[in-house]
Amino acid sequence: MRASVAATDSWRDPDGIRSPAGEVHAWLPGTNQTLCGTPLRKARLGRFPHIDWRDVQPATGRDADRVASVCRKCAAGMGQRRDEKPWKRIDPRP
Ligand SMILES: [Zn+2]
């Protein structure tokens, strides 16, 4: 699953790109809430359709400079064990 980012704050990086700051959530463009179910408008979250969720992970992401925290529910929902093989449906029929 590919997701973008919603965040409580924003800043402009050295390249002039609006980047997320503060607390970040996973957000699927086209929806009006985060992956964990927080309504964007109610929580005053900014949308970052041009930023990939993987790029705001503090350990590895290139757009994580100003990220203070990552929503745990969203992280769990996106799955953190990215070195594993993609999830596969097992057909129970004989
Ligand atoms: Zn969240």
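**View 1. The whole chain, from one end to the other.** Starting at the N terminus, the elements of this chain follow the order β-β-α-β-β-α. Welcome to a predicted model, whose chain has 2 helices and 4 strands. Of the 94 residues in the chain, 35% are buried. The views that follow visit the nonpolar core, the metal site, a loop and some charged side chains.

**View 2. The largest nonpolar core brings together 15 residues.** Look for Val-5, Val-24, Ala-26, Trp-53 and Val-56, the residues with the most contacts inside this core. Three elements each supply at least two of the core residues: the strands β1 (4-12) and β2 (18-27), and the helix α2 (72-78). The largest share comes from α2, with 3 residues.

**View 3. A zinc ion is held by one histidine and three cysteines.** Which atoms coordinate the zinc ion? They are ND1 of His-25 and the SG atoms of Cys-36, Cys-71 and Cys-74, at 2.1 to 2.3 Å. Reading along the chain, you will meet these donors with the spacing H-x10-C-x34-C-x2-C.

**View 4. The zinc site up close is tetrahedral.** The angles among the 4 donor atoms run from 104 to 120°. As a guide for the eye, the ideal angle for four tetrahedral donors is 109.5 degrees. Are Cys-71 and Cys-74 buried or exposed? Cys-71 counts as buried because its relative accessible area is 8%, under the 20% cut-off. Cys-74 is buried too, with a relative accessible area of 0%.

**View 5. Arg-44 has an uncommon backbone angle for a residue that is not a glycine.** Its phi is positive, at about 55°. Most residues other than glycine have a negative phi. Where does Arg-44 lie? You can find Arg-44 in the loop between α1 (40-43) and β3 (46-48). Arg-44 is exposed, since its relative accessible area of 73% is over 50%.

**View 6. Arg-2, Asp-52 and Arg-54 form a network of salt bridges.** In total, the structure holds 4 salt bridges. Within this network, the side chain of Arg-54 meets that of Asp-52, with 3.1 Å from N to O. Asp-52 is a buried residue, having a relative accessible area of 7%.

**View 7. Arg-62 forms salt bridges with Asp-55 and with Asp-63.** The side chains of Arg-62 and Asp-55 meet at 3.2 Å, N to O. For Arg-62 and Asp-63, the closest N and O atoms are 3.9 Å apart. How accessible is Arg-62? Arg-62 is exposed, with a relative accessible area of 62%. Its two partners, in contrast, are buried: Asp-55 has a relative accessible area of 16%, and Asp-63 has a relative accessibility of 11%.

**View 8. An arginine sits over the ring of a tryptophan.** The residues to find here are Arg-66 and Trp-11. The charged end of Arg-66 lies over the ring of Trp-11, 4.0 Å from the ring centre. How many aromatic pairs does a search of the whole structure find? The count is 0.

Methods
Residues are numbered from 1 along each chain as its sequence is written. This is a predicted model: local features need pLDDT of at least 70, side-chain atom pairs count only at pLDDT 80 or more; totals for chains, interfaces and linings use all residues. Side-chain values use heavy atoms; hydrogens and water are left out. Donors are N, O and S atoms within 2.8 Å of the metal (3.2 Å for Na, K and Ca); water is not among the atoms, so sites may look incomplete. Four donors count as tetrahedral if all angles lie between 85 and 135 degrees; four count as square planar and six as octahedral if opposite donors are over 155 degrees apart and all others between 65 and 115; anything else is irregular. Buried means under 20% relative accessible area, exposed over 50%, partly exposed in between (1.4 Å probe, protein chains only). Rings of Phe, Tyr and Trp (its six-membered ring) pair if their centres lie within 6.5 Å; planes under 30 degrees apart count as stacked, over 60 as edge-to-face and the rest as tilted. A charge sits over a ring if NZ of Lys or CZ of Arg is within 6 Å of the ring centre and within 35 degrees of the ring normal. A nonpolar core is a set of buried Ala, Val, Leu, Ile, Met, Phe, Trp, Tyr and Cys residues joined through side-chain atoms within 4.5 Å.
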